[in-house]
Amino acid sequence: PSNGADDLITAAQRLLLHHGDERIAMPAIAERLSISYAHFRRCFKERVGMPPGTWLIRRRLERACHLLCNDEFSVTDIS
């Protein structure tokens, strides 16, 4: 069963992925979710196992690895 914190983290992950190619401050994500940054970070880490910034970096690296396996884009484009 889903609870409010899980819904919050899911919404945060969607926002982070939506802004994945941009620089985005984690406090801005917390503000968009109407919670404090400390609470956001704590909940995210408890549910996901890592802080939101680390999670976003991993998603970006996974995407870059996927794109590098495809000949469609150059390394410069991917970076």
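**Exercise 1.** Which residues in α1 meet which residues in α3?

*Solution.* This is a predicted model: local features need pLDDT of at least 70, side-chain atom pairs count only at pLDDT 80 or more, and totals for chains, interfaces and linings use all residues. Residues are numbered from 1 along each chain as its sequence is written, and side-chain values use heavy atoms, without hydrogens or water.

Step 1: take the helices as DSSP runs (H or I, at least four residues), numbered from the N terminus. Step 2: apply the contact cut-off, heavy atoms within 4.5 Å. From α1 come Ala 5, Asp 6, Ile 9, Ala 12, Gln 13 and Leu 16; they meet Phe 40, Cys 43, Phe 44, Arg 47 and Val 48 of α3.

**Exercise 2.** Describe how the axes of α1 and α3 are placed.

*Solution.* The axes are lines fitted to C-alpha atoms over the stretch in contact, with angles from 0 to 180 degrees between N-to-C directions. They come within 10 Å and cross at roughly 100°. α1 is therefore roughly perpendicular to α3 (65 to 115 degrees).

**Exercise 3.** Place Leu 33 and state whether Leu 33 is buried or exposed.

*Solution.* Leu 33 sits in the loop between α2 and α3. Its relative accessibility is 15%, so Leu 33 counts as buried (under 20% relative accessible area, 1.4 Å probe, protein chains only; exposed is over 50%). Leaving out residues up to four places away in sequence, Leu 33 touches Leu 8, Ala 11, Ala 12, Leu 15 and Phe 40. The C-alpha atoms of Leu 33 and Leu 15 are 9.5 Å apart.

Conventions
Helices (H or I, at least four residues) and strands (E, at least two) are DSSP runs, numbered from the N terminus. Angles under 35 degrees count as roughly parallel, over 145 as roughly antiparallel, 65 to 115 as roughly perpendicular and the rest as oblique.
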